Amino acid sequence: MDISPSLLWPLAAVFGLCLGSFLNVVITRLPVMLMYGWRAEAREALELEAEELPRFNLLSPPSQCPRCGTPIAWHDNIPLLGYLKRRGRCATCGKRISPQYPLIELAGGALTLAVVAIHGANLASLFLIGACLSLLVLAVIDFRTQLLPDVVTLPLLWTGLLYHLLFQPLMLQSAVIGAMAGYLVLWGFYWLFKLVTGKEGMGYGDFKLMAALGAWLGWQNLPLLLLLSAGVGALVGVTAQLAMPRLRGTPMPFGPFLAMAGWIALLTGTPLIAWYQGVLS
Ligand SMILES: [Zn+2]
């Protein structure tokens with residue numbers, strides 16, 4: 001695509017901020033939607049009468065203040081600007097709005113700009129933006145709720161295979177093997193850890209996320225991913241425990257570190273992978 005740079009960058013930034021705004025909705029609502037679904041299934045299995053639950057999905061109810069319930073006007077819902085205009089407070093009751101909202105919007109904008117800067121403005125980049133933003137959703141949901149929802153991890157896996165089918169057919173085999181090996185590697189670690197220590201170090205969501213990353217990056221990059229995520233995880237874990245001693249012993253979700261490793265590999269792409277494969281050979 002030929003777009004002049006003076007138009008491309010602002011467009012990409014606004015596109016990323018708007019996507020970030022949508023991710024906020026997914027991050028806050030998806031875990032609640034899953035919980036409602038599980039409650040309904042559990043009651044059905046126990047042959048209890050169905051509960052009256054309010055309609056709750058990504059579109060309904062429209063965004064509102066969590067304290068006073070006032071619907072948020074469209075002009076206060078504009079990514080970043082809405083938050084800045086209200087100085088991070090509800091327009092009606094003045095309750096503080098979580099800084100998570102502008103931070104996710106900024107992250108959406110930054111990831112989109114990074115993909116366009118490194119991989120250009122083309123259809124393949126749209127796939128990469130989708131992958132980076134899905135990783136963002138997974139990282140935040142896992143951090144907050146220790147869940148990695150299938151509705152995000154599984155499509156991420158399929159689109160990774162589709163990406164190679166469409167744009168890098170020569171790497172398709174590597175992607176398919178990557179998806180299988182990614183799942184099996186973490187599954188193997190899980191059982192080894194469980195047999196040795198009797199504890200569960202990870203969840204099945206982690207295996208699926210690793211399978212998805214294997215599909216996006218190919219099996220050759222699985223050791224790199226494990227190294228990066230374990231390295232970043234250890235660094236963050238040690239720093240957090242030194243800064244806040246009361247955190248010692250609390251389990252740490254692995255998903256955010258897998259997501260971070262995925263961003264690094266997806267964004268730096270070819271140079272990092274070439275360097276790494278040069279080290280190996
Ligand atoms: Zn309010």
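Buried means under 20% relative accessible area, exposed means over 50%, and partly exposed lies in between (1.4 Å probe, protein chains only). This is a predicted model, where local features need pLDDT of at least 70, side-chain atom pairs count only at pLDDT 80 or more, and totals for chains, interfaces and linings use all residues. Residues are numbered from 1 along each chain as its sequence is written, and side-chain values use heavy atoms, with hydrogens and water left out.

**Exercise 1. Examine helix H6 (172-197).**

Step 1. Fix the term. Helices (H or I, at least four residues) and strands (E, at least two) are DSSP runs, numbered from the N terminus.

Step 2. Check the length. The expected span of a helix is 1.5 Å times one less than its number of residues. H6 has 26 residues, so 38 Å is expected. Its end C-alpha atoms lie 37 Å apart, which agrees.

Step 3. List the buried positions. In H6 they are Ser 174, Ala 175, Gly 178, Ala 179, Gly 182, Leu 186 and Tyr 190.

Step 4. Recall the helix rule. An α-helix has 3.6 residues a turn, so residues three or four places apart point the same way.

Step 5. Look past the end. Gly 198 follows H6, and its phi is positive, near 75°.

**Exercise 2. Explain why Cys 132 forms no disulfide.**

Step 1. Define the bond. A disulfide is a pair of cysteine sulfur atoms within 2.5 Å.

Step 2. Find the partner. The closest cysteine sulfur to that of Cys 132 is in Cys 18, 18 Å away, so it is too far for a bond.

Step 3. Check burial. Cys 132 is buried at 1% relative accessibility. Cys 65 is buried too, at 6%.

Step 4. Take the total. The structure holds zero disulfides.

**Exercise 3. Describe the two largest pockets.**

Step 1. Set the rules. On a 1 Å grid over the protein atoms alone, a cavity is a set of points where a 1.4 Å probe fits but cannot get out; a pocket is an open set with protein on both sides within 12 Å along at least five of seven lines; lining residues have an atom within 4 Å of a point. Grid points are joined across faces, edges and corners, and a volume is the space filled by probe spheres set on the points.

Step 2. Take the largest pocket. It holds about 960 Å³. Its lining has 36 residues; Ser 63, Gln 64, Ile 72, Asn 77 and Tyr 101 lie nearest the centre. H1 gives the most, with six residues.

Step 3. Sort that lining. It has 19 nonpolar, ten polar and seven charged residues. Ala, Val, Leu, Ile, Met, Phe, Trp, Tyr, Cys and Pro count as nonpolar, Asp, Glu, Lys and Arg as charged, and the others, Gly among them, as polar.

Step 4. Take the second largest pocket. Its volume is about 700 Å³. Among its 29 lining residues, Gly 201, Met 202, Gly 203, Asp 206 and Met 252 lie nearest the centre. H1, H6, H7, H8 and H9 each give two or more residues to this lining. The split is 16 nonpolar, eight polar and five charged.

**Exercise 4. Place Asn 221.**

Step 1. Locate the residue. Asn 221 sits in the loop between H7 and H8.

Step 2. Test burial. Asn 221 is buried, with a relative accessible area of 2%.

Step 3. Compare with Phe 56. The two are 165 residues apart in sequence and 39 Å apart in space, C-alpha to C-alpha.
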